[in-house]
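Colleague: Got a minute? I'd like to go through this one with you.
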Amino acid sequence: MKNIAVIGSGTMGNGIAHVFAQYGYKVSLIDVSEDALKKALATIDKNLSRQVEKATLTAENKQQALSLITPFTDLKAGIAQAELVVEAATENVDLKLNIFRELDAHAAPEALLASNTSSISITKIASVTKRPGKVIGMHFMNPVPLMKLVEVIRGYTTTDAVTQTVMELSRALGKVPVEVNDYPGFVANRILMPMINEAICSLHEGVAGVEEIDTVMKLGMAHPMGPLQLADFIGLDVCLAILQVLFQGFGNPKYAPCPLLVNMVQAGHRGVKSGTGFYAYAAGSKELVVAPQFKK
């Protein structure tokens, strides 16, 4: 397997393309927006340069990786040679189902179709294709070039052979794949999101402030990043979408999104990507500053 297509050039998509190209795979990076593709290629260049500066990659390896990535705005052309397609579009179920219908119609019959979804059912995604046994989840972690885990999610009909192929492919990328079954939130987000939600509830109920909650979890539980800062980093809209999947999937009130989270997303406060969440993010600044509405 040498030809990979990645659908979506955002944070996750460009990270996935970066890693595949770094390890010698030919990558078609596909997005409907030409501007988004240009931005993605610039980001990949910047991140590869950072690896060169840290001596984890040679300048020659960087140029080789960049030469292996070809941008496409036409999905049909972009996936024509793909042996594996990795979808990394927005975490929206209708969007993903439509993409997989199109992938199934235009990808080679033997091609494997993977989704980077962090919570949406692989079985549901596979059901809109004529190759459900060849549909699987490859949930990379952000930032993709640095994080080792790939959560490999088997749909109800995903075959053993496809699962083994994706496990081996993940190892070839220097990752550590973990096989899990297809239930809401899989493992990572089924455990992580209730913790983040509880941290938001603690803030909402006045138990403690933003910095205090994050400090308790960093110093008391040895977390590298507090849950509120992590929520901003993931994207509050993404956290809300995952919690809604968990709540709908299990029907358990413990997964109900905190009203504060709902309001923040509705107000457009989505975390790092929007410039404000629980913290305020100034362009070019690395200082962590609590957002004005949460300051005491």
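Colleague: Which feature does UniProt place at residues 3-182?
Modeller: The UniProt record, an unreviewed entry, gives "domain: 3-hydroxyacyl-CoA dehydrogenase NAD binding" for residues 3-182. Keep in mind that this is a predicted model.
Colleague: How much of that stretch is helix, and how much is strand?
Modeller: Residues 3-182 are 43% helix and 22% strand. The C-alpha atoms at the two ends lie 27 Å apart.
Colleague: On to the sheet. In what order do the strands come?
Modeller: The order is β3-β2-β1-β4-β5-β6-β7-β8. That makes eight strands in an open sheet, with mixed pairing.
Colleague: Remind me, what can "mixed" be a mix of?
Modeller: Strands of a sheet pair through backbone hydrogen bonds, and the pairing is either parallel or antiparallel.
Colleague: And which strands are at the edges?
Modeller: β3 (69-72) and β8 (176-181). Each of them pairs on one side only. From one strand to the next, the twist averages 25°.
Colleague: Do β2 and β3 pair in the parallel or the antiparallel sense?
Modeller: Parallel, over four bridges. β2 covers residues 26-30. In that strand pair, V27 stands opposite I69 of β3.
Colleague: Which strands does helix α1 lie across?
Modeller: α1 (residues 11-22) lies across β1 (3-7), β2, β3, β4 (84-87) and β6 (135-140). Its direction is at about 165° to β2.
Colleague: What about α2? Where does that helix lie?
Modeller: α2 (residues 34-53) lies across β2 and β3. The angle between α2 and β3 is about 160°.
Colleague: Switching to side chains. How many aromatic pairs are there?
Modeller: Three. One of them is F20 with Y25.
Colleague: Why is the F20 and Y25 pair called edge-to-face?
Modeller: The ring planes stand at 90°, and over 60 degrees counts as edge-to-face. The ring centres are 5.5 Å apart.
Colleague: Is F20 buried or exposed?
Modeller: Buried, because its relative accessible area is 0% and the cut-off is under 20%. Y25 is buried too, at 7%.
Colleague: What sits over the ring of Y25?
Modeller: The charged end of K2, 4.9 Å from the ring centre.
Colleague: Last one, N116. Where is that residue found?
Modeller: N116 is in the loop between β5 (112-115) and α6 (122-126). With a relative accessible area of 8%, N116 is buried.
Colleague: Which residues does N116 touch?
Modeller: Leaving out residues up to four places away in sequence, N116 touches M12, I16, E87, A88, M138, H139 and F140.

Methods:
Residues are numbered from 1 along each chain as its sequence is written. This is a predicted model: local features need pLDDT of at least 70, side-chain atom pairs count only at pLDDT 80 or more; totals for chains, interfaces and linings use all residues. Side-chain values use heavy atoms; hydrogens and water are left out. Rings of Phe, Tyr and Trp (its six-membered ring) pair if their centres lie within 6.5 Å; planes under 30 degrees apart count as stacked, over 60 as edge-to-face and the rest as tilted. Buried means under 20% relative accessible area, exposed over 50%, partly exposed in between (1.4 Å probe, protein chains only). A charge sits over a ring if NZ of Lys or CZ of Arg is within 6 Å of the ring centre and within 35 degrees of the ring normal. Two strands pair if DSSP finds at least two bridges between them. Axes are lines fitted to C-alpha atoms, for helices over the stretch in contact, and angles run from 0 to 180 degrees between N-to-C directions. Contact means heavy atoms within 4.5 Å. UniProt positions are given in the numbering used here, feature names are shortened, and annotations may be inferred rather than shown by experiment.
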